[in-house]
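The following exercises concern side-chain contacts, burial and pockets. Each task is followed by a solution in steps.

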Amino acid sequence: MKWSKGKSLLLVGVVLVVIDQVIKVLVKTNMTLGESIPVLGNWFQLLFVENKGMAFGMAFGGVVGKYLLTAFRVVLFGVLCWWIAKLLRRGNVPMGVLVGLTLITAGAFGNIVDCLCYGLIFSESTYDTVATLGSYAPFMQGKVVDMFYFPLWTWPSWVPLVGGDIFFEPVFNFADSCVTVGAIYLILFHWKFFAKE
């Protein structure tokens with residue numbers, strides 16, 4: 001049986017989401033909030049934090065804002081799926097464009113799963129206890145699990161504006177990486193395609 005481009009992209013997307021969710025579930029059910037495990041000394045750590053709102057922990061209008069943000073993510077995911085399907089039907093779209101969009105879509109879906117479901121299936125993570133099966137929030141109010149931390153270096157204190165700050169402080173997850181890699185790849189290698197579009 002010959003695999004179509006669409007089936008190949010779907011398989012890539014599913015594999016990426018499964019990897020993302022396996023990592024998150026392992027972190028959520030084996031680490032306490034704020035716990036850190038060194039991977040490459042202090043340069044790379046697994047640091048368990050939860051994102052209550054948008055990227056980098058920014059909040060957006062409390063409970064109502066969280067519902068709106070989650071709904072927006074779901075709609076955006078639907079638009080991305082529609083766009084990929086439309087490009088597939090055209091038949092002359094470079095595979096690299098489709099792969100880049102699939103990375104972004106899979107990453108978006110990975111974080112949507114956290115928002116929609118984690119509040120319903122896990123207990124609250126705390127600084128003292130590991131989460132178990134349970135419930136800590138209603139549908140669409142789950143927190144996104146983040147764990148990758150790369151504090152590569154601290155700026156010397158004499159550097160203006162950033163002296164003493166960590167060079168790269170955000171904590172992120174595999175889904176965030178998929179979105180970032182997909183976007184950078186498309187910008188660097190397929191900007192001409194999008195300029196024509």
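A residue is called buried under 20% relative accessible area, exposed over 50%, and partly exposed in between. The model is predicted.

**Exercise 1.** Determine whether Leu152 is buried, partly exposed or exposed, and describe its surroundings on the surface.

*Solution.* Step 1: the relative accessible area of Leu152 is 33%. Step 2: partly exposed covers the range between 20% and 50%, and Leu152 is therefore partly exposed. Step 3: Leu152 is located in the loop between strand 3 (144-149) and strand 4 (171-172). Step 4: together with Val39, Leu40, Trp43, Trp153, Phe167 and Phe168, Leu152 makes a nonpolar surface patch of about 700 Å².

**Exercise 2.** Characterise the geometry and burial of the aromatic pair formed by Phe44 and Phe150.

*Solution.* Step 1: seven aromatic pairs are found in a search of the whole structure. Step 2: in the pair of Phe44 and Phe150, the ring centres are 4.4 Å apart and the angle between the planes is 0°. Planes under 30 degrees apart count as stacked, and this pair is stacked. Step 3: Phe44 belongs to strand 2 (residues 44-51), whereas Phe150 is in the loop between strand 3 and strand 4; with 106 residues separating them, the pair links distant parts of the chain. Step 4: Phe44 has 15% relative accessibility and so counts as buried, while Phe150, at 26%, counts as partly exposed. Step 5: ring pairs join Phe44 and Phe150 with Phe148 and Phe172 in a cluster.

**Exercise 3.** Identify the salt-bridge partners of Lys24 and locate them in the chain.

*Solution.* Step 1: the count of salt bridges is four. Step 2: Lys24 forms one with Asp20, with 2.9 Å between the closest N and O atoms. Both residues lie in helix 1, four residues apart, or about one turn of the helix. Step 3: Lys24 also forms a salt bridge with Asp114, at 3.2 Å between the closest N and O atoms. This pair links distant parts of the chain, from helix 1 to helix 3, 90 residues apart. Step 4: Lys24 and Asp20 are buried, and Asp114 is buried as well.

**Exercise 4.** Which elements give two or more residues to the lining of the second largest pocket?

*Solution.* Step 1: the space in the second largest pocket is about 330 Å³. Step 2: its lining consists of 16 residues, and Leu9, Leu10, Gly13, Cys81 and Thr105 lie nearest the centre. Step 3: the elements sought are helix 1 (5-30), helix 2 (62-90) and helix 3 (95-121). Step 4: helix 1 provides the largest share of this lining, seven residues.

Terms used
Residues numbered from 1 in each chain as written. Predicted model: local features only at pLDDT ≥ 70, side-chain atom pairs only at ≥ 80, totals over all residues. Heavy atoms only, no water. Patch = residues over 30% accessible without salt bridge, like charges linked within 9 Å, V, L, I, M, F, W, Y side chains within 5 Å. Areas by Shrake-Rupley, 256 points an atom, 1.4 Å probe, with all protein chains shown as cover. Salt bridge = Lys/Arg side-chain N within 4 Å of Asp/Glu carboxyl O. Buried < 20%, exposed > 50% of the residue type's maximum accessible area, 1.4 Å probe, protein only. Phe/Tyr/Trp six-rings, centres within 6.5 Å; stacked < 30°, edge-to-face > 60°. 1 Å grid on protein atoms, 1.4 Å probe; cavity = no way out; pocket = protein on both sides within 12 Å on 5 of 7 lines; lining within 4 Å. Points joined across faces, edges and corners; volume = space filled by probe spheres on them.
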